[in-house]
Protein chains: 2
Amino acid sequence: MDKQTSRYLDILLAIAKDGSLFDTVSTSTVALAKQLKSSQQSTSRKLVEMELLGLIRRRTNQRGITISLTDRGVGQLTYLRDELIQIITSEKTPILGMVVSGLGEGGYYVGQERYQTQFKKMLGFSAFPGTLNLRIDITQFKHFLHQKKQIVIKGFKGEHRTFGPLNCIPVMLRNKKNSVEGSLIIPERTTHPEDIAEVIAKDNLRSLFDIKDNDKVEIGAIE
Amino acid sequence: MDKQTSRYLDILLAIAKDGSLFDTVSTSTVALAKQLKSSQQSTSRKLVEMELLGLIRRRTNQRGITISLTDRGVGQLTYLRDELIQIITSEKTPILGMVVSGLGEGGYYVGQERYQTQFKKMLGFSAFPGTLNLRIDITQFKHFLHQKKQIVIKGFKGEHRTFGPLNCIPVMLRNKKNSVEGSLIIPERTTHPEDIAEVIAKDNLRSLFDIKDNDKVEIGAIE
DNA sequence: ATTACTAAGAGGCGAGTAG
DNA sequence: TCTACTCGCCTCTTAGTAA
């Protein structure tokens with residue numbers, strides 16, 4: 001973030017609130033200072049500085065001052081807002097994943113019968129033997145994970161190799177074409193954090209959603 | 001806004017970005033200072049202050065420090081985010097209006113034939129002779145208005161009184177039951193800003209939406 | 001390597017006041 | 001009244017450095 005943004009944030013916010021981002025607001029350094037719990041002098045000086053920096057337009061008159069935000073001033077607030085929205089994703093906001101190619105190994109893995117019986121019991125569906133890999137903004141993803149209860153699927157030993165435990169998070173998967181219940185699966189050994197989510201559902205998601213690489217899929221919470 | 005919030009905002013943001021709001025992040029005052037374009041000393045001191053204020057949890061070790069945000073720290077960011085969202089409503093975000101009783105005069109007004117012919121021509125529909133009044137958050141409303149082109153309906157003189165010009169803004173109106181194209185109508189003489197929006201549509205909105213006072217209606221942009 | 005103390009210097013703050 | 005200047009005070013910053 002810009003150093004300026006935090007130094008002048010409270011004044012920018014005060015103007016934006018009064019003036020609704022685009023209006024010109026008539027006020028005075030005295031009134032503004034009172035609102036900001038600062039002195040008239042500091043407020044006056046800061047406004048001059050902000051004008052110099054191109055954050056506001058400012059005119060003085062007998063009765064006080066009129067101020068409006070410049071595009072740059074609005075931009076600082078918008079930028080900060082977007083940054084905060086990205087950091088603080090609320091539970092109800094679905095997050096977007098971009099389809100990427102996996103190693104093709106996921107299908108063999110989740111296709112194992114001893115996984116499938118647990119999927120049926122714990123998640124309510126048998127999984128199509130194939131996973132869809134979604135690249136996700138890691139910040140949003142972590143936030144999303146934080147709020148979900150994980151369902152643990154036990155690992156087991158196969159004939160040739162070991163199949164580790166899986167953490168599952170039931171989700172709604174949706175794109176333009178379709179919408180289906182599914183689950184994130186996170187092998188317990190995986191080194192987190194990882195920006196790829198592997199998802200399963202009862203259907204073949206690639207054909208259900210008619211997707212190619214780089215398409216977008218929404219991942220939403222289960223009610 | 002809290003004075004603390006702006007003083008420590010850049011550090012809070014840096015931690016939240018790295019640590020995804022809930023994780024504990026391992027870093028060092030040196031690295032953090034570099035990222036924040038400040039000195040190691042100031043960063044160290046501020047972190048100590050922030051711990052004292054209950055904004056973060058902090059542990060030092062041989063290799064540096066581990067930090068996580070407290071609920072209070074998260075709260076400061078969330079509060080700021082909500083404030084910014086309220087100020088900066090993007091064009092695509094529908095705003096919510098609450099149905100309130102009008103004076104019942106709106107219907108007589110918009111029912112005038114010389115208005116109706118213009119509605120038909122300029123808006124694409126004849127209006128049901130009645131308006132719905134919606135109370136709206138004024139900040140969001142102003143922002144919404146700012147981005148819309150207004151359609152001007154000319155005023156005229158009737159037998160007994162004068163009917164002034166109207167500014168119209170086509171919108172989508174929606175609630176749980178239904179969705180319909182309509183228009184905000186703003187008598188030109190009205191003293192703005194006003195937190196009540198008067199809306200019309202070809203249908204009787206009260207019956208189409210099956211609404212009573214205090215129900216909510218979404219007002220969205222026309223594509 | 002680190003963190004964080006001390007101390008000096010930079011710079012922000014507000015009282016007084018001119019215009 | 002108002003804005004905004006000067007100037008002293010005091011807080012915040014950073015260099016040096018100990019642990």
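The following conversation between a trainee and a mentor asks how several statements about this predicted model are reached.

Trainee: How do you know that the length of helix α4 of chain B agrees with what its number of residues would suggest?

Mentor: Helix α4 covers residues 71-87 of chain B, and at 1.5 Å a residue its 17 residues should span 24 Å; the C-alpha atoms at its two ends are 24 Å apart, so the expected and the computed values agree.

Trainee: Which residues of that helix are buried, and what do they pack against?

Mentor: The buried residues of α4(B) are Gly73(B), Val74(B), Gln76(B), Leu77(B), Leu80(B), Arg81(B), Glu83(B), Leu84(B) and Ile87(B). Their packing partners belong to both chains: α1 (3-19) and α4 (71-87) from chain A, and α1 (3-19), β3 (64-69) and α7 (138-146) from chain B. As background to reading such a list, an α-helix has 3.6 residues a turn, so residues three or four places apart point the same way.

Trainee: How many residues does each chain bring to the contact, and how much area is buried there?

Mentor: Chain B contributes 30 residues and chain A contributes 28 residues, and between them the two chains bury about 2800 Å², with 70% of that area on carbon and sulfur atoms. Within chain B, the residues that lose the most area to chain A are Arg81(B), Ile87(B) and Ile88(B), which together make up 20% of what that side buries.

Trainee: What makes the pair Lys17(A) and Glu83(B) a salt bridge?

Mentor: The rule asks for a side-chain nitrogen of Lys or Arg within 4 Å of a carboxyl oxygen of Asp or Glu, and in this pair the N to O distance is 2.7 Å, so the side chains of Lys17(A) and Glu83(B) meet the condition. The rule finds 2 salt bridges across the interface of chain B and chain A, together with 4 residue pairs in polar contact. On the side of chain B that touches chain A, the elements giving two or more residues are α1, α4 and α7 of chain B, and by class that side has 13 nonpolar, 8 polar and 9 charged residues.

Trainee: Why is Gln116(A) called buried?

Mentor: Buried means under 20% relative accessible area, and Gln116(A) has 13%, so this residue counts as buried. Gln116(A) lies in helix α6 (residues 113-123) of chain A and, not counting residues up to four places away in sequence, touches Val110(A), Gly111(A), Ser126(A) and Ala127(A).

Trainee: Is Ser68(A) buried or exposed, and which residues does it touch?

Mentor: Ser68(A) is buried, because its relative accessible area is 7%, which falls under the 20% limit. Ser68(A) lies in strand β3 (residues 64-69) of chain A, and, leaving aside its neighbours within four places in sequence, is in contact with Asp23(A), Thr24(A), Ile56(A) and Arg57(A). For chain A as a whole, 46% of the 223 residues count as buried, and the chain has 8 helices and 12 strands.

Trainee: How do you know that Glu49(B) and Arg45(B) are about one helical turn apart?

Mentor: Both residues belong to helix α3 (residues 40-52) of chain B and are 4 residues apart, so about one helical turn separates them. Their closest N and O atoms are 3.6 Å apart, and the pair forms a salt bridge. Each partner is partly exposed, since that class lies between 20% and 50% and the values are 21% for Glu49(B) and 39% for Arg45(B).

Trainee: What makes the salt bridge of Asp195(B) and Arg135(B) a tie between separate parts of the sequence?

Mentor: The closest N and O atoms of Asp195(B) and Arg135(B) are 3.3 Å apart. Asp195(B) lies in the loop between β10 (179-187) and β11 (196-201) of chain B, whereas Arg135(B) lies in strand β5 (residues 132-136) of chain B, so the pair ties together parts that are 60 residues apart in sequence. Asp195(B) is partly exposed at 26%, and Arg135(B) is partly exposed at 38%.

Trainee: How many salt bridges does the structure hold over all chains?

Mentor: Over all chains the structure holds 18 salt bridges; one of them pairs Asp203(B) with Lys202(B), whose closest N and O atoms are 3.4 Å apart.

Note on methods: Residues numbered from 1 in each chain as written. Chains lettered and ligands numbered in written order. Predicted model: local features only at pLDDT ≥ 70, side-chain atom pairs only at ≥ 80, totals over all residues. Heavy atoms only, no water. Expected span 1.5 Å × (residues − 1). Buried < 20%, exposed > 50% of the residue type's maximum accessible area, 1.4 Å probe, protein only. Contact = heavy atoms within 4.5 Å. Buried area = accessible area lost by both parts, 1.4 Å probe. Polar contact = N/O pair within 3.5 Å; in protein donor to acceptor, adjacent residues only side chain to side chain. Nonpolar A, V, L, I, M, F, W, Y, C, P; charged D, E, K, R; others polar.
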